[in-house]
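Hello,

Here is the structure I promised to pass on to you. Have a look at it first, and then read my notes below.

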Amino acid sequence: MTSHFPLLLSLLLLLLLLPSTLASLSTHKYTPSSRVILYVNKIGPYANPQETYSYYSLPWCRPDDGHEVNKKKEGISIGETLEGHELRSSGYHIFFSTNSPHKETSCTQTLSKYDVNELKKAVEEQYFYQMYFDDLPVWGMVGERTREGGDYIFTQRHLSVGYNNDRIVEVNMTSDGLEPIEVGHELEFSLTVTWEKSTKSFHNRFERYLDNEFFEHQIHWFSIFNAFMMVIFLCGMVALILVRTLRKDYQKYEREEEVDLEGMERSLVEDSGWKQVHGDVFRPPQYLMVFSALLGTGWQLIVIVAGVILFAIAGPVHGDVYEERGEVITAFIVCYTLSSVVAGYTSGRYYRQFFPTPRLEAASRWQMTMGLTVLLLPCISAFVLSGLNSISLYYGTTASIPFVVMFKIFAIWCFVSIPLSVVGTMFGRHFGRKNSFPCRVNSIPRQIPDPVWYGNPVFLVPLSGILPFGSIFIELYFIFTSYWNYKFYYVYGFMLLVFIILAIVTMCSTIVSVYFLLNSENYHWQWTALMSGGFSGFYVFLYALYYFYFKTNMTGLLQTCFYFGYMGLQSFGMSLLCGTFGFAAASWFVRTIFQNVKVD
Ligand SMILES: *[C@@H]1O[C@H](CO)[C@@H](O)[C@H](O)[C@H]1NC(C)=O
């Protein structure tokens, strides 16, 4: 039974994510004069990427051909829905490589007062729409406002399709036929299609959507190089300081012991420093359960981010598969689900080390810790996302999450994620039992002296967050721009490098921070380490604020909420992730320095 357990889980996961798997089976091959469906997707103001409505929410011409029912055939993946895509047939009858220019009048419409108001508003807010032709996106503006203040709408669209043998390799759309938006005016919407032979290869057809000039700009390379130099410099410095200082410290302590043997008094100077807290450093942190849960979640986030980046580099996203809308989100869900085992393992293992004997163990509340670990991230995300979902339901945008999708995600969480988390906790507790600390913990806690300014967490924590933030903020600009500004992010290699650099810088700066803290004889290093590493997330949020006000033109409640909701979640996630990196490094550091301390 147990050996089939993972198999069953993967099957279940596969079943739930099946639509996305099916979609990728479509071959994109056409025989002459077979129908190619032009799908309409979404529409919305250009400045607000999340404020998107369904294409037919605008009171303009609808074809008779069942535009409401004729949804995309292959099924829609969870990721696609979550990204707010809503593909429907446009109702046009377009046939593959019918050579003669093909004109279709979809419908005529006489504008009512209501239509005029809605259309004018759309033109004023610079509405644009998106369509998909054989999974290639095309964009167009709804209309134009002239300098005199008149509003006009485009009524003619022209598709120019390039094909190579039996496949479509290129689509251009142009709009024309500006007509004034006035009550009683009759509009005739039409679409023409021309087919041209092309020599482009099918597999490179997405390349033209990638903004090479933007993403592979010298600045990008330069920033990576810069961050890299910073890492080398920082690591060298940390190593130098620590080795020198620690060696001096050890020498001092050895001398001190000799002096002690001769029965002399300890000098005041020698009575300070990190060694003094050897009886307290391995005390459990305050709020141990919460700490374990945060740590478990942090490790889970590290695994998720690494997994998604690696998937994007190695997997189908690279090359011709930008057409798989929502791939990255689907990858995220899969990674999240599977990495629950990591969260359970790390949190269970960390918690267990503080209860070495069976008697203590029995009194511990590991079940509660496990529950916290399982619930922490989902609850916070669900809280934010359901708020955003209510707003988008109220506005009626395509970004609202349908009930079925919510149910599916909930089912995956319940039946795959939670069991994996429990399994992870069991393993973690098993291994955590074998962990022992290098120093014994005194029964009476030592008094913590008033800190000097450089040993004060209030000072150490914000300072040590600056360097990690500094190493990533140029990459952040690229990521923000692609997410909020309609660019396909594809340079995941850069992202991986930056991720590694971020990890190293965070570790170094946290170690330094913890060293100063312990040196001022404050042994509450665990939370300080977590926050030192995590404080860069706060800077990321500040940067997001700056970006919102100076780099975007977003307006309205909906878009503002979406922006800050997502950015808040992301910054929080980043805090946890970096905090965990920092804590891991500090933990290693503390164990290492106290291993060599001879305790009397
Ligand atoms: C689409 O537009 C590009 C750039 O304007 C042009 O080079 C290409 O030939 C066009 N393709 C087709 C099929 O019209």
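How far from a nitrogen atom of the ligand does a polar side-chain atom of Glu-170 lie? The distance is 3.4 Å, which falls under the cut-off for a polar contact (a pair of N or O atoms within 3.5 Å; within protein, one must be able to donate a hydrogen and the other to accept it, and residues adjacent in sequence count only if both atoms are side-chain atoms).

Before going further, please keep in mind that this is a predicted model, in which local features need pLDDT of at least 70 and side-chain atom pairs count only at pLDDT 80 or more, while totals for chains, interfaces and linings use all residues. Residues are numbered from 1 along each chain as its sequence is written, and side-chain values use heavy atoms, with hydrogens and water left out.

**The ligand**

Two other side chains offer an N or O atom to an oxygen atom of the ligand: Ser-160 at 2.5 Å and Asn-172 at 2.2 Å. Of the 360 Å² of accessible area that the ligand has on its own, the protein covers 49% (areas come from the Shrake-Rupley method with a 1.4 Å probe; for residues, only the protein chains shown count as cover). The shell around the ligand consists of Ser-160, Val-161, Gly-162, Glu-170, Asn-172 and Glu-196, where a residue belongs if one of its heavy atoms lies within 4 Å. Strands β10 (151-164) and β11 (167-180) each supply at least two of these residues, and β10 gives the most, with three. Helices (H or I, at least four residues) and strands (E, at least two) are DSSP runs, numbered from the N terminus.

**The protein as a whole**

There are 16 helices and twelve strands. Of the 600 residues, 50% are buried, meaning under 20% relative accessible area (exposed is over 50%, partly exposed in between; 1.4 Å probe, protein chains only). The accessible surface comes to about 29,400 Å², and carbon and sulfur atoms account for 64% of that.

**A covered strand**

Strand β7 (residues 127-133) is mostly covered, with seven of its seven residues buried. Tyr-127, Tyr-129, Met-131 and Phe-133 lie on one side, and Phe-128, Gln-130 and Tyr-132 on the other. β7 pairs in the antiparallel sense with β2 (residues 38-45) over six bridges, and Leu-38 stands opposite Phe-133 there. Two strands pair if DSSP finds at least two bridges between them. β7 also pairs in the antiparallel sense with β8 (residues 136-141), over six bridges, and Phe-128 has Met-141 as its bridge partner in β8. β7 and β8 form a hairpin with two residues between them, and Asp-134 in the turn has a positive phi of about 50°.

**Two helix residues**

Why does Gly-298 count as buried? Because its relative accessibility is 0%. Gly-298 is found in helix α7 (residues 288-314) and touches Leu-576, Leu-577 and Thr-580, not counting residues up to four places away in sequence; contact means heavy atoms within 4.5 Å. Gly-298 and Met-574 are 276 residues apart in sequence, yet 8.8 Å apart in space, C-alpha to C-alpha.

Ser-417, in helix α12 (residues 403-432), is also buried, with a relative accessible area of 3%. The side chain of Ser-417 makes a polar contact of 2.6 Å with the side chain of Ser-340. Leaving aside neighbours within four places in sequence, Ser-417 is in contact with Tyr-336, Thr-337, Ser-340 and Ile-412.

Best wishes
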